[in-house]
Amino acid sequence: MRVRPYHSARSTAVHVYHEDDDCPAGRAVPWFDKVEGRQDCEPCPQCVRTATTCVDHPAVEHPASAGVS
Ligand SMILES: [Zn+2]
């Protein structure tokens, strides 16, 4: 499921943000290290792939993504 961007607060962690709560890499981030947002992070390749392969939600413009704060 698509969620608000989150990433690990750990400075040693990979600097990627996740947008899917089914992402294995995202699930590996402990809850106490999770921060909302995508600051200084690249998009997670696995989350991107999930988003682009979903036929119901093609990776076209997301009107909602612009207004999320
Ligand atoms: Zn991810």
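**Figure 1. H7 and its partner across the strands.** In this predicted model, we begin with H7, which stands opposite Y17 in β2. H7 belongs to strand β1, which covers residues 2–8 and pairs with β2 in the antiparallel sense. Three bridges hold this pairing in the count. Further along, R2 stands opposite D20 in β2. Between strands of a sheet, pairing runs through backbone hydrogen bonds, either parallel or antiparallel.

**Figure 2. Y6, a residue with partners in two strands.** Which residue of β2 is the bridge partner of Y6? It is H18. Y6 also has a bridge partner in β3, namely E36. The strands β1 and β3 are joined by three bridges and run antiparallel. Y6 turns up once more as a member of the largest nonpolar core, which is the topic of a later view.

**Figure 3. The whole sheet, strand by strand.** Step back a little and you can follow an open sheet of four strands in the order β3-β1-β2-β4, with mixed pairing. Its edge strands are β3 (34–36) and β4 (42–43), each of which pairs on one side only. The parallel part of the sheet is found between β2 and β4, joined by two bridges. Here Y17 of β2 has P43 as its bridge partner in β4. Y17 thus appears for a second time, having already been met opposite H7.

**Figure 4. Strand β2 and its surroundings.** Is β2 mostly covered or mostly open? It is mostly covered, with five of its five residues buried. V16, a residue of this strand, which spans 16–20, touches H7, C41, E42, P43 and C44 once residues up to four places away in sequence are set aside. Among these contacts, P43 is also the bridge partner of Y17 in β4.

**Figure 5. C23, a buried loop residue.** Just past β2 (16–20) and ahead of α1 (24–27), C23 lies in the loop between the two. Why does C23 count as buried? It has 21 C-beta neighbours inside 10 Å, and the cut-off for a buried residue is 20 or more. Leaving aside neighbours within four places in sequence, C23 is in contact with H18, C44, Q46, C47 and T50. C23 and M1 are 22 residues apart in sequence, while their C-alpha atoms are 9.0 Å apart in space.

**Figure 6. The largest nonpolar core.** Which residues make up this core? There are six: Y6, V16, Y17, C23, C44 and C47. Several are familiar from the earlier views, including Y6 with its partner H18 and C23 with its contacts to C44 and C47. V16 also touches C44.

**Figure 7. D40, an exposed loop residue.** For a contrast with C23, look at D40 in the loop between β3 and β4. D40 counts as exposed because it has 8 C-beta neighbours inside 10 Å, and the cut-off for exposed is 12 or fewer. The backbone here also deserves a glance: phi of D40 is near 60 degrees, a positive value in a residue other than glycine.

**Figure 8. The chain as a whole.** To place the close-ups, trace the elements from the N terminus on, in the order β-β-α-β-β-α-α. That comes to three helices and four strands. Of the 69 residues of the chain, 20% count as buried. Among contacts with a separation of 6 or more, 52% are between residues 24 or more positions apart.

Technical notes: Residues are numbered from 1 along each chain as its sequence is written. This is a predicted model: local features need pLDDT of at least 70, side-chain atom pairs count only at pLDDT 80 or more; totals for chains, interfaces and linings use all residues. Two residues are in contact if their C-beta atoms, placed from the backbone, lie within 7 Å. A nonpolar core is a set of buried Ala, Val, Leu, Ile, Met, Phe, Trp, Tyr and Cys residues joined through C-beta atoms within 7 Å. Two strands pair if DSSP finds at least two bridges between them.
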